[in-house]
Structure formats: structure tokens, C-alpha cells
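Me: I have this model open and would like to go through the fold with you. Can we start with the strands and work outwards?

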Amino acid sequence: MIRRQRHGLSGIGWLLLFPLALGSLGGAWWWKAASAFPSSRVSFLVVGDPVMVVTWDQRKQEVFLLSLPAATRIDATRGYGRYSLDALWKLGDMDGRPGSVLRESVEDALGLPIPWYLKPSRSDAAPAGIDFLRQLFSVQSMWAVLVGATRSNIAPPRFLVLAISALFLRANQVVMVPVQSAIGTEMLPDGTREPILMPERMDSLVGTDFEEAPVRAEGLSVALYNTTDMPTLGQRAARILSHAGALVVTVGNDQPVGDGCIVRGKKELLAGATVRFIRRYFGCSV
């Protein structure tokens with residue numbers, strides 16, 4: 001009679017299998033958290049002095065950097081008034097929404113969706129061009145994000161994906177936008193003058209640089225109707241859509257038709273790139 005022996009895993013076998021299983025689970029988590037950026041353009045703030053706006057077209061592998069002095073005043077979101085960028089960061093902290101007030105206000109000022117921010121623990125002067133990205137995605141900076149020393153709403157896996165992508169960027173793919181021409185001055189009540197960002201000048205300066213290629217290629221005409229009691233909301237949304245590449249033909253007001261934002265159109269158009277952008281950024285239903 002031949003007896004069948006049970007061959008269990010030895011201690012060494014378990015030691016080899018455990019890291020493999022752990023790596024598989026980690027890889028699945030990594031892919032889920034890091035792979036799906038919501039659009040081909042990735043934009044985020046790096047908070048310091050100056051405040052740096054990074055907008056990265058991953059289709060063209062082209063990065064635009066905007067350097068805004070922290071003393072620059074802009075109109076804050078949610079009716080807060082006009083404050084400096086530095087004050088808006090502090091205001092968000094006081095309001096229990098760290099980063100959100102500044103990020104949303106810069107979104108409105110530039111007409112550019114900016115979903116993420118980073119605030120390094122150190123506020124060294126930012127170099128220009130490709131050197132800025134190399135410093136931002138250095139080993140030390142990545143470690144600071146991983147351990148939470150850098151305050152950010154970017155998940156560490158996503159940050160590391162950006163860091164790996166940055167390794168393949170060349171100096172001629174990183175463009176410093178000369179925002180000085182879009183910054184004027186404003187007289188304060190005490191007689192001092194402070195820098196202020198002029199949205200109209202910024203629109204002329206950036207032109208089509210903020211476009212989303214799929215939206216521009218679609219060439220869809222969009223009519224916007226504001227159904228809220230905020231009179232400027234329609235124009236703010238129109239700037240963002242125009243910069244993305246949509247053709248905004250009408251901005252008007254209408255009676256409320258339901259809660260939130262609603263997109264209406266022909267069925268074949270509702271599955272297109274423009275509607276996906278609108279739903280992603282404004283949280284609209286179809």
C-alpha cells in the first residue's frame with residue numbers, strides 16, 4: 001500500500017509566500033489609489049511664498065508653473081471678501097477647512113480646476129522651471145508626504161506616481177508663466193498699496209494653455225444657466241469651461257429646477273468628454 005503524504009508548506013515556504021501575498025494586496029491598493037487621475041490635466045497648489053500653481057497636461061507632457069507672491073490679494077470664495085493668498089491659507093485653517101479656502105479661491109481667480117494642494121513643512125524659496133519639480137519630487141519631499149510632514153490632500157500613491165512621471169520630463173517641457181503682467185496694485189484704506197491678481201489679464205495671458213485636449217477636440221457648445229442666488233456663479237463657471245476648451249455661447253439666469261447642478265442635452269452628447277468634465281468638476285447629474 002502506498003500512503004499519500006501531505007506536503008505542507010515549510011517555514012521557509014511561508015516566509016516566501018507572505019511577502020508575495022502582501023505585495024499583491026499592496027499592488028492592488030496602489031493601483032486603485034494611484035492610477036485614475038480624474039483628467040489628463042493634473043493641477044495643484046504648492047503653498048509657500050510664493051504660492052506655486054502647477055498645471056500638468058499629461059497627454060502632451062507639458063507643465064505650466066505660475067508663481068504668485070503670497071501677498072497677492074484675490075477675491076475669496078464663499079463670500080469671504082478679498083484677502084492675500086497667505087491670509088486665505090490661515091483663514092481655511094481657522095474655518096476648519098485647511099487648504100480648501102485658498103485652493104477654491106485660486107481656482108476662481110485663474111479659471112482652472114485645482115483639486116489638490118501641498119504645504120511643505122519648510123518654506124524655502126522655490127527655484128524656477130524643471131529645478132522646482134525636481135525639488136518638489138525629491139526623495140526628501142516624497143518622504144515628507146508619506147509621513148505627513150507635508151500637509152496635503154494628495155494621496156501618497158498618487159504623489160509617487162507624479163514623482164515617477166516627473167523623472168521623464170525635460171527642461172523644455174516645463175514653462176514658467178510670466179504672471180507679473182497679470183498682477184496690478186490696489187490701494188488699501190490705510191493708504192498702502194498691495195498686489196492684486198487681475199482675472200481679465202490672466203485670461204489674456206494664458207490663452208489656451210489650460211485646455212483639456214478631449215474637450216477642445218469635441219468642440220461642444222454649452223449654455224449655462226445660474227439657478228442660485230449668487231450672481232457671479234455663472235460667469236465663474238463659464239471661465240473654467242472656456243479655459244477647458246468648451247464653447248460657452250450663453251450665460252444666463254433661470255428659476256431653480258432642482259437640487260444641485262443638472263446637465264441636459266442629446267443622449268449621444270451626454271457621454272462625451274465635455275459632459276464628463278462638467279460632471280467631474282461641478283458634481284452635476286445628467
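Me: In which sense do β1 and β2 pair, and over how many bridges?

Reply: This is a predicted model, and in it β1 and β2 pair in the antiparallel sense over 6 bridges. The two strands form a hairpin with 4 residues between them, and within that pairing F44 stands opposite V54 in β2.

Me: What does β1 pair with besides that, I mean how is it joined to β6?

Reply: Strand β1, residues 41-46, runs parallel to strand β6, residues 116-119, and 3 bridges join them. Looking at a single position, L45 has Y117 as its bridge partner in β6.

Me: Are the residues of β1 buried or exposed?

Reply: Of the 6 residues of β1, 6 are buried, so the strand is largely enclosed by the rest of the structure. R41, S43 and L45 point one way while V42, F44 and V46 point the other way, and all of them are buried.

Me: What is the strand order in the sheet?

Reply: The sheet is open and is formed by 6 strands in the order β7-β6-β1-β2-β3-β8, with mixed pairing. At the edges stand β7 (151-152) and β8 (174-177), and because each has a single partner strand, one side of each is left without a neighbour in the sheet.

Me: Changing topic, which residues touch the most other members of the largest nonpolar core?

Reply: That core has 29 residues, and the ones touching the most other members are V53, V106, L110 and L197. The elements giving two or more residues to this core are β2 (51-57), β3 (62-68), α2 (85-94), α3 (100-110) and α7 (199-206), with α3 supplying the largest share, 5 residues.

Me: And what does V106 contact, leaving aside its neighbours within four places in sequence?

Reply: With those neighbours left aside, V106 is in contact with L45, V53, I74, L85 and I114. Apart from this core lies another one, of 25 residues, which includes W56, F132, A166 and V174.

Me: How do the axes of α2 and α3 cross?

Reply: Their axes come within 6 Å and cross at roughly 135°, which makes α2 oblique to α3. In the interface between these helices, L85, L88, W89, L91 and G92 of α2 meet V101, L102, S105 and V106 of α3.

Me: Back to strands, what joins β9 to β10?

Reply: Strand β9, residues 183-187, and strand β10, residues 193-197, run antiparallel and are joined by 5 bridges, with E194 in β10 as the bridge partner of E186. Their hairpin has 5 residues between the strands, and in it G191 takes a positive phi near 90°.

Me: Before I set anything up from these coordinates, what is the mean pLDDT of the chain, and where does it stay under 50?

Reply: The mean pLDDT of the protein chain is 83, and 84% of its residues reach 70 or more. Over residues 1-9, however, the pLDDT is below 50, and that stretch has 2 contacts in the model beyond near neighbours in sequence. Residues 13-36 also have a pLDDT that stays under 50, and for them the model has 14 contacts beyond four places in sequence.

Terms used
Residues are numbered from 1 along each chain as its sequence is written. This is a predicted model: local features need pLDDT of at least 70, side-chain atom pairs count only at pLDDT 80 or more; totals for chains, interfaces and linings use all residues. Side-chain values use heavy atoms; hydrogens and water are left out. A nonpolar core is a set of buried Ala, Val, Leu, Ile, Met, Phe, Trp, Tyr and Cys residues joined through side-chain atoms within 4.5 Å. Buried means under 20% relative accessible area, exposed over 50%, partly exposed in between (1.4 Å probe, protein chains only). Contact means heavy atoms within 4.5 Å. Two strands pair if DSSP finds at least two bridges between them. pLDDT is the predictor's confidence in each residue, from 0 to 100. Axes are lines fitted to C-alpha atoms, for helices over the stretch in contact, and angles run from 0 to 180 degrees between N-to-C directions. Angles under 35 degrees count as roughly parallel, over 145 as roughly antiparallel, 65 to 115 as roughly perpendicular and the rest as oblique.
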